[in-house]
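Here is a short walk through one protein model. Keep the sequence and the 3D view side by side as you read.

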Amino acid sequence: MLNAACDREYPRLVTSAEPAPDAAGELQPPDGAHDVTGIGPTYIIGRWVVAPLARLLYRPRIEGRKNFPRKGAVILASNHLSFIDSFVIPMAAPRPVRFLAKSSYFDGPGLKGWFSRQFFYAVGAFPVQRGAGQAALDALEQQRRMLDAGWSTALYPEGTRSLDGRLYKGRTGVAFLALQTGAPVIPVGLVGTNEIMPVGAKFPRLRPRVTVRFGEPLDLSHHGSADSGRARRQATDEIMAAIHALSGQELANAYNEAPASNPVERLKQVLPHERR
């Protein structure tokens, strides 16, 4: 019953107010930081000035750039080892990549908050309310609209950073987006980002070099409809197998979940249900 309930929830996504649609239903980024194409002064500086300097400084190994479609909607599905992953991927990609970042990065007061907002806008980020339930559905809806606009967007199927370096089971939101929109999925394997900026570090180190591997595009349509929980699960497993082949991480064979804070949460983690 729990799986059936999750299946029913997927089609009725509710649009979040950040970013909001205009009267024609087009995606509009918040605060005027970018126009609808994602190209604005802050982003131009990030894409054409900061990113080349970062590549010169860190000399990342980038493999499989030819696998990245030069136009059209595409989903990047990556392992997640470090806070800097969301900066490494756009730096290595041959075309702009958008991703969602938690809204607290954009809400800070004063000069520090302004710099934080501009920094995240510069790397192609949009604010989103993080969380489970409806917040997760709202995030999926934002990314669906990015794909409908022909953008490339990056997601982490594990849901959050791996603190022990292992690769955790994927949540099915990325498969839902791929099956719903028909966008190809590019698996991404990041190697070494957790050594450049380990958990708790305030600033990245200059060594060692990181490796970014873009895998061949995955067409997941053969798994079935986005409305099918089985199709979403099988498509997600195919994505995670491709990421594992690129990253070479040890498999955790579990979901990356925070410890349950109460008996109800513990029960939810034990009972079978679909992780979005």
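A pocket is an open set of grid points with protein on both sides within 12 Å along at least five of seven lines. A volume is the space filled by probe spheres set on such points. Keep in mind that this is a predicted model.

Start with the second largest pocket. About 1100 Å³ of space lies in it. Its lining takes in 36 residues. Look for Phe83, Ile84, Phe87, Phe119 and Val123, which lie nearest the centre of this pocket. Three elements give two or more residues each to the lining: α2 (41-58), α3 and α4 (110-122). Which of them gives the most? The answer is α2, with 10 residues. Now sort the lining by class. There are 26 nonpolar residues, seven polar ones and three charged ones.

Next, turn from a pocket to a cavity. In a cavity, a 1.4 Å probe fits but cannot get out. The structure holds one cavity of 30 Å³ or more. The largest cavity holds about 40 Å³ of space. Its lining consists of Ser86, Ile89, Pro90, Val97, Phe99, Ala154 and Tyr156. Helix α3 (residues 85-92) gives the most to this lining, with three residues. So how many residues of each class line the largest cavity? Six are nonpolar, one is polar and none is charged. Helix α3 links the two spaces in this tour: α3 helps line the second largest pocket, and α3 also gives three residues to the lining of the largest cavity.

Now find strand β4 (residues 74-78). The strand is mostly covered, and five of its five residues are buried. Here, buried means under 20% relative accessible area. Follow the directions of the residues along β4. Val74, Leu76 and Ser78 point one way. Ile75 and Ala77 point the other way. Residues on both sides are buried.

What does β4 pair with? One partner is strand β7 (residues 152-155), joined to β4 by four bridges. These two strands run parallel. Within this pairing, Leu76 has Ala154 in β7 as its bridge partner. Ala154 has come up before, as one of the residues that line the largest cavity. Another partner is strand β8 (residues 185-191). Four bridges join β8 to β4, and this pair also runs parallel. In β8, Pro187 stands opposite Ala77.

Definitions and conventions:
Residues numbered from 1 in each chain as written. Predicted model: local features only at pLDDT ≥ 70, side-chain atom pairs only at ≥ 80, totals over all residues. Heavy atoms only, no water. 1 Å grid on protein atoms, 1.4 Å probe; cavity = no way out; pocket = protein on both sides within 12 Å on 5 of 7 lines; lining within 4 Å. Nonpolar A, V, L, I, M, F, W, Y, C, P; charged D, E, K, R; others polar. Buried < 20%, exposed > 50% of the residue type's maximum accessible area, 1.4 Å probe, protein only. Pairing = 2+ DSSP bridges.
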